[in-house]
Amino acid sequence: MIDLETPGDQPVKQRTLAVIPARLSSTRLPRKVLREIAGEPMLAWVYRAARACPLLDQVLIATDSEEVLAFALQHGLPAVFTPADCPSGTDRVHAVAESIPADIYVNIQGDEPMLRPEHIEALLKPFSSYEVQVSTLATPCAPDQIGNPNAVKVVTAASGRALYFSRATIPYDRDRQGSVNYLKHLGIYAYRRAALERFPKLSPSALEAAEKLEQLRFLENGIDIHVAQTPYDTVGVDTEEDLHRVERILESMQPSRLL
């Protein structure tokens with residue numbers, strides 16, 4: 001639970017619910033949320049990291065798969081069943097919000113086994129202000145990722161407000177001075193309830209369709225996204241190569257086991 005600062009009053013406690021959308025079907029890496037990494041299913045790594053953050057009042061797995069639901073229940077991980085036709089992770093979080101109340105909802109992708117509590121702490125810090133409706137994370141972009149369309153870049157205003165997200169290399173270093181500080185977007189989000197309720201009512205936007213980035217729907221409809229920065233990068237698992245890379249990293253860290 002996080003505090004909302006109010007002028008002249010006691011801080012207001014805000015109930016914070018984290019949702020891990022976990023679809024079993026994936027075109028590039030089938031069944032990836034249940035694929036083992038260093039002896040544990042990927043979903044277990046993600047859940048453990050989220051549960052370790054004291055700012056979260058509750059963590060739920062949201063799935064449209066009977067197999068994922070059975071896995072969660074077998075290992076004592078709280079999970080709910082959501083419709084199969086949810087077109088995005090945000091829509092799946094919204095489906096959970098329709099029956100489980102909270103002030104702030106955190107969307108944690110089920111393919112981010114390198115998630116750490118510090119990510120969630122940075123993500124939630126802006127919500128001490130009433131003005132912030134949606135937040136996400138960014139980290140310095142490694143040189144080998146700047147031109148990679150799978151590493152989404154974000155440009156922000158001085159205040160931290162997102163100006164644009166793109167798979168293209170933004171900003172463009174026209175004179176090739178090499179002084180541009182590129183930011184890589186990490187696909188973890190937090191929403192106030194009102195902003196989350198608006199999302200599925202908005203038509204998919206042109207930029208969202210072009211870039212295949214759901215967060216652009218917020219920007220095109222005038223809903224600001226605050227970008228919090230973190231020094232901790234992650235590796236989203238989309239391919240077999242990603243899986244093996246993350247396994248090497250996690251084995252070197254030797255964390256405690258969940259299952």
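Here are some short exercises on a predicted model, each with a worked solution.

## Exercise 1: The overall picture

Find out how many helices and strands the protein has, and how its radius of gyration compares with the globule rule.

**Solution.**
Step 1. Start with the secondary structure: there are 8 helices and 13 strands.
Step 2. Turn to the radius of gyration, which is 18 Å. The globule rule gives 18 Å for 259 residues, so the protein is as compact as a globular protein of that length.
Step 3. Add the extent of the C-alpha trace, which spans about 55 × 50 × 35 Å along the principal axes.
Step 4. Look at burial and surface. Of the 259 residues, 50% count as buried. The protein exposes about 12500 Å², and carbon and sulfur atoms supply 50% of that area.
Step 5. Finish with the contacts. Among those between residues at least 6 apart in sequence, 67% join residues at least 24 apart.

## Exercise 2: Two faces of a helix

Work out which residues of helix α2 are buried and where they fall around the helix axis.

**Solution.**
Step 1. Locate helix α2 at residues 66-74 and pick out its buried residues: V68, L69, F71 and A72.
Step 2. Look down the axis of α2. The buried residues fall within an arc of 160°, so they line one face of the helix.
Step 3. Check the other side of α2, where E66, L73 and Q74 are exposed.
Step 4. Ask what covers the buried residues of α2. The cover includes β5 (40-41), α1 (42-51), β6 (58-63) and β7 (79-81).

## Exercise 3: A mostly covered helix

Count how many residues of helix α3 are buried, and name them.

**Solution.**
Step 1. Helix α3 runs over residues 89-97, and 8 of its 9 residues are buried, which leaves the helix mostly covered.
Step 2. The buried residues of α3 are T90, D91, R92, V93, H94, A95, V96 and A97.

## Exercise 4: Rings that meet

Decide whether the ring pair of Y189 and Y191 is stacked or tilted, then do the same for F199 and F218.

**Solution.**
Step 1. Note what is needed: a pair of aromatic rings is described by the distance of the centres and the angle of the planes.
Step 2. The structure holds 3 aromatic pairs. In the pair of Y189 and Y191, the ring centres are 6.2 Å apart and the planes are at 15°, so this pair is stacked. The cut-off behind this step is that planes under 30 degrees apart count as stacked.
Step 3. Y189 counts as buried at 6% relative accessibility, and Y191 counts as buried at 0%.
Step 4. The ring centres of F199 and F218 lie 5.0 Å apart with planes at 35°, so this pair is tilted.
Step 5. Place this second pair in the chain. F199 is in the loop between α5 (193-198) and α6 (206-211), while F218 is in helix α7 (residues 216-220). The two are 19 residues apart, and their pair links distant parts of the chain. Both F199 and F218 are buried.
Step 6. Put the rings together: Y189, Y191, F199 and F218 form one aromatic cluster.

## Exercise 5: Charges over rings

Find which ring R217 sits over, and which ring R116 lies over.

**Solution.**
Step 1. The charged end of R217 is over the ring of F199, 4.1 Å from its centre.
Step 2. R116 lies over the face of Y232, at 3.8 Å from the ring centre.

## Exercise 6: Unusual backbone spots

Look at the backbone of P171, R31 and R176, and say in which loop each is found.

**Solution.**
Step 1. Keep the general pattern in mind: most residues other than glycine have a negative phi, and most peptide bonds are trans.
Step 2. The peptide bond from I170 to P171 is cis, with omega near -5°. P171 is found in the loop between β11 (162-166) and β12 (183-192).
Step 3. R176 is in the loop between β11 and β12. Its phi is positive, about 55°, although R176 is not a glycine. R176 is exposed, with a relative accessible area of 74%.
Step 4. R31 has a positive phi near 60° and is found in the loop between β3 (16-21) and β4 (36-37). With a relative accessible area of 38%, R31 is partly exposed.

Methods
Residues are numbered from 1 along each chain as its sequence is written. This is a predicted model: local features need pLDDT of at least 70, side-chain atom pairs count only at pLDDT 80 or more; totals for chains, interfaces and linings use all residues. Side-chain values use heavy atoms; hydrogens and water are left out. Rings of Phe, Tyr and Trp (its six-membered ring) pair if their centres lie within 6.5 Å; planes under 30 degrees apart count as stacked, over 60 as edge-to-face and the rest as tilted. Buried means under 20% relative accessible area, exposed over 50%, partly exposed in between (1.4 Å probe, protein chains only). Helices (H or I, at least four residues) and strands (E, at least two) are DSSP runs, numbered from the N terminus. A charge sits over a ring if NZ of Lys or CZ of Arg is within 6 Å of the ring centre and within 35 degrees of the ring normal. The radius of gyration is taken over C-alpha atoms; the globule rule is 2.2 Å times the number of residues to the power 0.38. Contact means heavy atoms within 4.5 Å. Accessible areas come from the Shrake-Rupley method with a 1.4 Å probe; for residues, only the protein chains shown count as cover. The arc is that of the directions from the helix axis to the C-beta atoms.
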